[in-house]
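Here are a few exercises to work through with the model open beside you. Try each task before reading its solution.

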Amino acid sequence: MTLVRLDPDLRREVRAILTQTERTLGSPELVGRGK
Amino acid sequence: MLHPVSILLPSANLGGYSARRWRACAVLAGITGLALAFGPVAANAFGPRPQPVPFVGCPGDGQTGPVDASETTGAAPWLAGDAASHLAYYAFRSVGVLAPRSWRCFGLYGSDADILFVTPDPHGFEDLRADAPKLQGPVVVIARHSGETSGRFEVAAVAARLFPAARHFVHKVIAENIVAASHFHFAPYKTDTVRRLSSTVAEFVTPPNRKGLGTSDRIAANDQPVAASPFGCPIRATTW
């Protein structure tokens, strides 16, 4: 689990941290599937 | 039993740890951080002009003593977008996560979990351990708990909150009578916003100044929310 709390002036960085993973995975389902 | 590390770190080498296979529900596992793409080919899939993000190995301490920062090595992920120039990839043993550049990092480890804290100011074992005061300021934390070791209690506690599909696993942990049944709650915190992406994957936000999953452990509530990126248990619900 990744938890993020950054000051408002770093909002863009928060978005990047939270969204890049989902983009990379393509589908969050992949996380649940594993292999 | 499934092994998430093999799929989440296809090309990264986190020192001797990349080959380590957690024979567990590595749940609630900050697998999200590990799931970043490594290498320009992967980065091209989600945006133009990818840039390498610096890789920062982090020191830590735990069950068998201190770990030097140089013991965790690996490839720098490539990211697209302006934010990439402000971020670095911090890694400790089996976990890694993006966070603002030039921050400080420190990891804790044991048979239960690998946990990495990234903060503007330096922290060490004494002020990150479970009985120390909670962290007050900005922070990025990634935690990866094993569902087969003593980490199963944390896994079960979070799974009870978020994943009805894990109900059987949670009840098995409760039946051990090691941790009181009252420790496990089969519903999210009332003020948390939870988005369930599948039966075993979810994300959530704990709002400012509220007790929630984001502030139930090492992070103190303050006037900023705590957000969790999608995470889950890479194991089939039927095997729990």
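**Exercise 1: Getting to know chain A**

Going along the sequence, chain A runs β-α-α. This is a predicted model, so let's check confidence as we go.

Task: Work out how many helices and strands chain A has, and which of its elements has the lowest mean pLDDT.

Solution, step by step:

1. Start with the count: chain A holds two helices and one strand.
2. Next, rank its elements by confidence. Helix α2 (residues 29-33) of chain A has the lowest mean pLDDT, 28, while strand β1 (residues 2-5) of chain A has the highest, 89.
3. Now zoom out. The average pLDDT of chain A is 61, and 54% of its residues score at least 70.
4. Look for the weak stretch: residues 22-35 of chain A have a pLDDT below 50, although the model gives this stretch 37 contacts beyond near neighbours in sequence.
5. Take a lesson from that: where pLDDT is low, don't read the predicted coordinates in detail.

**Exercise 2: Sizing up chain B**

Task: Find what chain B is built from and where its pLDDT stays under 50.

Solution, step by step:

1. Count the elements: chain B has six helices and twelve strands.
2. Check burial: 52% of the 240 residues of chain B count as buried.
3. Check how far apart the partners sit in sequence. Of the contacts in chain B with a separation of 6 or more, 60% join residues 24 or more positions apart.
4. Turn to confidence: chain B averages a pLDDT of 79, with 77% of its residues scoring at least 70. Among its elements, helix α1 (residues 4-8) of chain B is lowest with a mean of 24, and strand β7 (residues 104-109) of chain B is highest with 97.
5. Mark the weak stretches. Residues 1-44 of chain B stay under 50, with 131 contacts beyond four places in sequence. Residues 236-240 of chain B are also below 50, with nine contacts beyond near neighbours in sequence.

**Exercise 3: A pair of helices**

Task: Describe how α5(B) and α6(B) cross, and which residues meet there.

Solution, step by step:

1. Find the helices: α5 (residues 152-162) of chain B and α6 (residues 167-175) of chain B have axes that come within 9 Å and cross at roughly 135°.
2. Name the arrangement: that angle makes α5(B) oblique to α6(B).
3. Add the hand: their crossing is left-handed.
4. List the residues: B:R152, B:F153, B:A156, B:A159 and B:A160 in α5(B) meet B:F169, B:V170 and B:V173 in α6(B).
5. Sort them by class: this contact has seven nonpolar, no polar and one charged residues.

How values were computed
Residues numbered from 1 in each chain as written. Chains lettered and ligands numbered in written order. Predicted model: local features only at pLDDT ≥ 70, side-chain atom pairs only at ≥ 80, totals over all residues. Axes fitted to C-alpha atoms, helices over the stretch in contact; angles between N-to-C directions. Helix = DSSP H or I, 4+ residues; strand = E, 2+ residues; numbered from the N terminus. Parallel < 35°, antiparallel > 145°, perpendicular 65-115°, else oblique. Left-handed = near helix turned anticlockwise from the far one by under 90°. Contact = placed C-beta atoms within 7 Å. Nonpolar A, V, L, I, M, F, W, Y, C, P; charged D, E, K, R; others polar. pLDDT = per-residue confidence, 0-100. Buried ≥ 20, exposed ≤ 12 C-beta atoms within 10 Å, placed from the backbone.
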